[in-house]
Amino acid sequence: MSLYRDEGVVLRTQKLGEADRIVTVLARRTGKVRAVAKGVRRTTSRFGARLEPFTHVDVQFHTGRTLDVVTQAETIRPYGEALAADYPRYTAGSAMLETADRLTHGEKEPALRQFLLLVGGLRTLADGSHEARLVLDAYFLRSLAVAGYAPALEACAKCQAPAVRAFAIVAGGVVCGACKPAGAAVPAAETIGLMTALLRGDWAVADASEQRHRSECSGLVAAYLQWHLEHGIRSLRHVEREPV
């Protein structure tokens, strides 16, 4: 048998037959892997609970003709246990998993930076050190940057002019007055500052931000992400937003 072992995060599962599941894992070295976990829906399964979404797991695969097969699984950290008790954090985590799945297009193509971002995001969500939506927006911005879609936030995305007036998704970020297209958003300067802080990991600035700027930031980041993915993130509709 051709066996290989890796650590990864379970992104999603789907039923297969009466007792099996197909699990999608974002692995540290291998990238995204879809594999069959046989018998995991039976109550007597040895590792069914270890292959649930949000679980950071050490897993062994057997290479198959169409889908690989999970032969062993050991939990490294079950992030789902902490997130399930807090609805805002659970929904934010679900949006993270879906985004990681969408941004890693091909199977078995190494995506180490996306893996590390996802593990770090889930760890931060689980420890509750920052507001859930801030963590989610930081994850969105950084995962977009890793994928090559980082928004311009300090100079015009079109002409590089330092004086910016608006945020245009189709232009790739902030734009000056001369380059501003019709329909571009005109966010507060503090909102752009918050986006910059989240992209850089400046949590002192992010945690001190006002709620109205967080809400405006979330709207822009979600729209920018979904425009680049060319379709919506279904989990976002469940993400709770604090009232302004």
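**Entry 1: the strands at the start of the chain**

How many bridges pair E1 and E2, and in which sense, parallel or antiparallel? I looked this up first and found that E1 and E2 pair over 8 bridges in the antiparallel sense. Here two strands count as paired if DSSP finds at least two bridges between them. Strands (E, at least two residues) and helices (H or I, at least four) are DSSP runs, numbered from the N terminus.

I note that this is a predicted model, in which local features need pLDDT of at least 70 and side-chain atom pairs count only at pLDDT 80 or more, while totals for chains, interfaces and linings use all residues. Residues are numbered from 1 along each chain as its sequence is written, and side-chain values use heavy atoms, with hydrogens and water left out.

Within the pairing of E1 and E2, I found Val9 opposite Leu26 in E2. The two strands form a hairpin with 3 residues between them. Gly17 sits in that turn and has a positive phi of about 65°.

I then examined Gly17 itself. Gly17 is exposed, as its relative accessible area is 63%. For this term I use the following limits: buried is under 20% relative accessible area, exposed is over 50%, and partly exposed lies in between (1.4 Å probe, protein chains only). I also recorded a separation of 56 Å between the C-alpha atoms of Gly17 and Cys159, which are 142 residues apart along the chain.

**Entry 2: strands E2 and E3**

I next followed E2 (residues 20-27) into E3, and found 7 bridges joining these antiparallel strands. E2 and E3 also form a hairpin, with 3 residues between them. Arg21 has Ala37 in E3 as its bridge partner, and Val25 stands opposite Val33 in E3.

Are the residues of E3 mostly buried or exposed? I found that 6 of the 7 residues of E3 (residues 31-37) are buried, so the strand is largely enclosed by the rest of the structure. For E2, 7 of the 8 residues are buried, so E2 too is largely enclosed by the rest of the structure.

E3 has a further pairing, with strand E5 (residues 68-78), in the parallel sense over 2 bridges. There Val36 has Val69 in E5 as its bridge partner.

**Entry 3: salt bridges**

I searched the whole structure for salt bridges and obtained 14. A salt bridge is a side-chain nitrogen of Lys or Arg within 4 Å of a carboxyl oxygen of Asp or Glu. As a general note, side chains of opposite charge can pair when their charged atoms come close.

I looked at the pair of Arg5 and Asp58, whose closest N and O atoms are 2.6 Å apart. This pair links distant parts of the chain, with Arg5 in strand E1 and Asp58 in strand E4 (residues 55-62), 53 residues apart. Arg5 counts as partly exposed, at 35% relative accessibility, and Asp58 is also partly exposed, at 25%.

I then looked at Glu74 and Arg50, a salt bridge with its closest N and O atoms 3.5 Å apart. Glu74 is in strand E5 and Arg50 is in the loop between E3 and E4, so the pair ties together parts 24 residues apart in sequence. Glu74 is partly exposed at 42% relative accessibility, and Arg50 is partly exposed at 27%.

The next pair I examined was Arg102 and Glu98, with the closest N and O atoms 3.0 Å apart. These two residues are 4 apart in helix H2, so about one helical turn separates them. Arg102 counts as partly exposed at 22% relative accessibility, whereas Glu98 is buried at 12%. I also noted that salt bridges with shared partners join Arg12, Lys32 and Asp101 into one network.

**Entry 4: the largest pocket**

Which residues line the largest pocket? I listed Leu11, Arg12, Thr13, Pro53, Ser94, Leu97, Glu98, Asp101, Arg102, Arg234 and Ser235. A pocket is found on a 1 Å grid over the protein atoms alone, as an open set of points with protein on both sides within 12 Å along at least five of seven lines; lining residues have an atom within 4 Å of a point.

The volume of this pocket is about 180 Å³, a volume being the space filled by probe spheres set on the points. Helix H2 (87-103) and strand E1 (3-16) each supply at least two lining residues, and H2 gives the most, with 5. Domain 1 (3-78) and domain 2 (81-237) each contribute at least three residues to the lining; these bounds come from an automatic or database domain assignment.

Definitions and conventions
1 Å grid on protein atoms, 1.4 Å probe; cavity = no way out; pocket = protein on both sides within 12 Å on 5 of 7 lines; lining within 4 Å.
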